[in-house]
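Q: Please take a close look at the salt bridges, going through the partners one by one and saying how each of them sits with respect to the surface. Then set that part against the nonpolar side of the picture.

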Amino acid sequence: MKIWLILQTILFESASLYLLGEQDLSLLGWLSYAASHGAAAGTFTLVCWLALPRRYKQPVVGAIIFIFVIAFSMPIVGMLGLATIFIVALYFPKKKQPALWERSESLELPLHPEQLEQSQFGAAALKDILLFNPSDERRLIAVNACRFLPERVAVPLLKLALTDKVDDVRLLAYAAIEKIEFGINRNIDALKNKLSEGAQASLHFQIAELYWELCYLGIAEGPLRNHYLEQAKSYLLQAEALTPSPRSELQLGRVLLELQEYDLATQYLEKARHRGLLLKQVAPYLAEAAFAQGDYDHAALLVSHLPTEPGDALNELREFWRREAY
């Protein structure tokens with residue numbers, strides 16, 4: 001059909017050129033020329049429209065009118081120009097640009113700790129899976145992978161999984177948190193049994209550290225957290241009474257800060273500082289106590305003693321207070 005339409009186009013256009021070559025054309029001659037040239041433009045338009053790719057044929061009326069107007073308004077030149085453009089575009093297309101992305105295989109979450117340490121998956125990736133992945137199985141695997149992370153990193157993720165809509169995910173997260181809590185409480189009981197044999201400052205300090213860890217990890221909340229903090233305070237005071245040390249005084253100051261006993265916390269932190277701890281070890285907690293008590297000038301002074309390490313959050317805090325001071 002395309003060949004037949006091309007032959008018709010050549011025939012009608014040749015006839016129109018023949019009529020145009022006549023001298024002193026009458027009105028009938030001009031009408032004959034217009035009819036012949038219009039027929040040639042019409043068949044040419046149909047050929048071009050059929051040759052176009054599907055996406056360029058839409059809208060149909062607009063595409064047909066565009067080709068016909070150019071072919072009819074510019075005899076010979078319009079048809080040759082459009083034919084050249086279409087031939088070049090259809091048979092000599094531009095080279096495809098290389099793909100800017102490459103499809104990768106679907107990676108599975110590791111189930112063993114030695115695989116997790118060497119993989120690219122971290123806490124942020126696991127958090128993203130727990131929050132947004134629609135697959136129940138993937139979220140379950142993510143919770144299982146959390147068990148091989150450090151406890152400080154794993155507990156917030158496991159607590160996030162406790163809000164999951166699927167029972168299996170919630171139960172596995174709860175079991176993992178309970179296992180961590182059970183292990184800490186078992187160590188506390190073992191140390192208390194040793195303590196019954198004889199009072200030692202180191203045993204009191206270790207028990208207090210374990211109670212603090214329950215709070216620090218975020219396992220204990222509400223009244224239970226306050227109870228653990230009080231237990232840590234009690235054992236640290238007993239350790240301090242047996243053998244005063246800057247380590248127990250620093251830890252006691254941190255516990256008192258959590259209990260919002262700022263005056264007493266400042267006293268023990270200052271004691272730890274005077275017993276030999278570096279100012280940069282004590283300054284963050286002293287600054288926290290000063291800020292809570294509204295002594296912002298002293299807080300800014302203490303923060304200025306923090307070490308400057310690029311990318312460290314404490315360094316950002318130090319720069320903020322330095323700008324505020326000036």
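A: Glu 221 counts as exposed in this predicted model, since its relative accessibility is 53% and the exposed class begins over 50%. The side chain of Glu 221 meets that of Lys 159 in a salt bridge, with 2.4 Å from N to O. This pair ties together distant parts of the chain, 62 residues apart: Lys 159 belongs to helix α8 (residues 151–161), while Glu 221 sits in the loop between α10 (201–216) and α11 (222–242). Lys 159, for its part, is partly exposed, with a relative accessibility of 29%.

The search of the whole structure finds eight salt bridges, and two further pairs can be described in detail. Arg 139 and Asp 136 are joined through their side chains in a salt bridge of 2.7 Å, N to O. Both residues lie in helix α7 (residues 136–146), and because they are three residues apart there, about one helical turn separates them. Their surroundings can be read from the accessibilities: Arg 139 is buried, at 3%, whereas Asp 136 is partly exposed, at 36%. The pair is also part of a wider arrangement, for Asp 136, Arg 139 and Asp 164 are linked in a network of salt bridges.

The other pair is Asp 167 with Arg 170, whose closest N and O atoms are 2.1 Å apart in a salt bridge. Here too the partners share one helix, α9 (residues 167–195), where they are three residues apart, about one turn. Asp 167 has a relative accessible area of 46% and is therefore partly exposed, and Arg 170, with 28%, falls in the partly exposed class as well.

Against these charged pairs stands the nonpolar side of the model. In soluble globular proteins, nonpolar side chains tend to be buried together. The largest nonpolar core here holds 63 residues, of which Leu 158, Ile 184, Tyr 211 and Ile 219 touch the most other members. Helix α10 gives the most to this core, namely 10 residues. If residues up to four places away in sequence are not counted, Tyr 211 touches Ile 188, Lys 192, Tyr 228, Gln 231, Ala 232 and Tyr 235. A second core, separate from the largest one, has 11 residues, among them Cys 48, Leu 52, Ala 71 and Phe 86.

Some nonpolar side chains nevertheless lie on the surface: Val 60, Val 61, Ile 64, Ile 65, Phe 68, Val 69 and Phe 72 form a nonpolar patch there, with about 550 Å² of accessible area together. Phe 68, one of these residues, has its place in helix α3 (residues 60–73) and counts as partly exposed at 31% relative accessibility.

One feature of the backbone may be added to the account of exposed residues. Gln 260 has a positive phi of about 65°, although this residue is not a glycine. Gln 260 is found in the loop between α12 (246–258) and α13 (262–274), and its relative accessibility of 58% places it in the exposed class.

Note on methods:
Residues are numbered from 1 along each chain as its sequence is written. This is a predicted model: local features need pLDDT of at least 70, side-chain atom pairs count only at pLDDT 80 or more; totals for chains, interfaces and linings use all residues. Side-chain values use heavy atoms; hydrogens and water are left out. A salt bridge is a side-chain nitrogen of Lys or Arg within 4 Å of a carboxyl oxygen of Asp or Glu. Helices (H or I, at least four residues) and strands (E, at least two) are DSSP runs, numbered from the N terminus. Buried means under 20% relative accessible area, exposed over 50%, partly exposed in between (1.4 Å probe, protein chains only). Patches are made of residues with over 30% relative accessible area and no salt bridge: like charges are joined within 9 Å, nonpolar side chains (Val, Leu, Ile, Met, Phe, Trp, Tyr) within 5 Å. Accessible areas come from the Shrake-Rupley method with a 1.4 Å probe; for residues, only the protein chains shown count as cover. A nonpolar core is a set of buried Ala, Val, Leu, Ile, Met, Phe, Trp, Tyr and Cys residues joined through side-chain atoms within 4.5 Å. Contact means heavy atoms within 4.5 Å.
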